[in-house]
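Reader: I've got a structure open and I'd love a close look at just one part of it. Could you walk me through that part slowly, and then show me what sits around it?

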Amino acid sequence: MNKVQIYTDGACKGNPGPGGWGVLLRSGVVEKELFGGEPNTTNNRMELMAVIEALSALKRPCDVTLWLDSEYVRKGITEWIHGWKAKGWRTAARQPVKNAELWQRLDALVEQGGHRIDWRWVRGHSGDPGNERADALANRGVEQALGR
């Protein structure tokens with residue numbers, strides 16, 4: 001399996017508001033940058049989209065170390081999702097899971113992609129070079145969503 005390092009981040013100017021997502025993928029000396037955005041979204045949706053787009057970019061099963069600064073996404077995919085699925089995409093308070101369609105897309109990528117994924121949290125805006133690049137890409141996604 002190819003070893004891949006992935007850094008993801010989401011950004012939103014207002015919440016909701018124009019938002020963007022950014023991804024830095026590294027495999028050996030090869031790097032790939034991805035970004036995109038939406039004109040009216042939330043920060044959590046952009047954090048999810050970054051991870052979805054990152055895993056969608058992998059063409060075969062990989063050994064992935066995925067760095068993200070969103071505890072919402074990390075805990076959601078490693079802890080909370082099992083309960084949500086068992087409860088028909090409802091929370092413990094019996095409310096519909098927010099962003100369920102994105103969680104379902106991410107779940108399918110994780111379950112069907114054949115990847116080994118090590119989900120690692122990194123403090124945002126703390127000088128981590130990979131996270132800072134993903135943040136800059138997410139901000140490019142915001143600019144794209146604003147038509148600039």
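How much space lies in the largest pocket? And once that's settled, please take me to strand β4: is it buried or exposed?

Author: Pocket first, then the strand. Keep in mind that this is a predicted model. The largest pocket holds about 270 Å³ of space. Its lining is made up of 13 residues, and V4, L25, S27, A57 and L58 are the ones nearest the centre. Sorted by kind, the lining has six nonpolar residues, two polar ones and five charged ones. If you want to know where they come from, β1, β2 and β3 (30-41) each give at least two residues to that lining.

Now for β4, which covers residues 62-68. Seven of its seven residues are buried, so the strand is largely enclosed by the rest of the structure. You can check that on both faces: C62, V64, L66 and L68 are buried on one side, and D63, T65 and W67 are buried on the other.

So what sits next to β4? One partner is β1, residues 2-12, which runs parallel to β4 and is joined to it by seven bridges. To find the pairing on your screen, look for V4, whose bridge partner in β4 is V64. Another pair to look for is I6 in β1 with L66 in β4. Another partner is β5, residues 116-121, and this pairing is parallel too, with six bridges. Here, T65 of β4 stands opposite D118 of β5.

Let's stay with β1 for a moment. Eight of its eleven residues are buried, which leaves β1 mostly covered. Besides its pairing with β4, β1 pairs with β2 in the antiparallel sense, over eight bridges. One of those places is D9, whose bridge partner in β2 is G22. β1 and β2 make a hairpin with four residues between them, and G14 in the turn has a positive phi of about 95°. The loop between these two strands also contains P16. A cis peptide bond links N15 to P16, with omega about 15°. That's worth a pause, because most peptide bonds are trans.

Back to β4 and what it packs into. The largest nonpolar core has 32 residues, and L66 of β4 is among those with the most contacts inside it, along with I6, L55, W103, L106 and W119. At least two residues each come from β1, β2 (17-27), α1 (43-56), β4, α2 (71-86), α3 (100-112) and β5. The largest share is from α1, which supplies eight residues. Apart from this core there is another one, of five residues, including Y7, W67, V122 and A134. So you meet residues of β4 in both places: L66 in the largest core and W67 in the other.

Two tryptophans help you see how the largest core is put together. Start with W119: leaving out residues up to four places away in sequence, W119 touches V51, L55, L66, L68, R74, I77, T78, L106 and V110. Notice L66 and L68 in that list, both of which are buried on one side of β4. Next is W103, which belongs to helix α3. With 0% relative accessibility, W103 counts as buried. Its contacts, again without residues up to four places away, are L48, Y72, V73, G76, I77, I81, W84, W89, V97 and K98. I77 turns up here and in the list for W119.

Finally, follow the chain out of β4. S70 sits in the loop between β4 and α2. Its relative accessible area is 6%, so S70 is buried. Apart from neighbours within four places in sequence, S70 is in contact with E47 and W121.

Further along, the loop between α2 and α3 contains R94 and N99. R94 has a phi near 65°, a positive value in a residue other than glycine. N99 has a positive phi too, of about 65°, and N99 is not a glycine either. Why point these out? Because most residues other than glycine have a negative phi. R94 counts as exposed, at 68% relative accessibility, whereas N99 is buried, with a relative accessible area of 14%.

Methods
Residues numbered from 1 in each chain as written. Predicted model: local features only at pLDDT ≥ 70, side-chain atom pairs only at ≥ 80, totals over all residues. Heavy atoms only, no water. Buried < 20%, exposed > 50% of the residue type's maximum accessible area, 1.4 Å probe, protein only. Pairing = 2+ DSSP bridges. Core = buried A, V, L, I, M, F, W, Y, C linked by side-chain atoms within 4.5 Å. Contact = heavy atoms within 4.5 Å. 1 Å grid on protein atoms, 1.4 Å probe; cavity = no way out; pocket = protein on both sides within 12 Å on 5 of 7 lines; lining within 4 Å. Points joined across faces, edges and corners; volume = space filled by probe spheres on them. Nonpolar A, V, L, I, M, F, W, Y, C, P; charged D, E, K, R; others polar.
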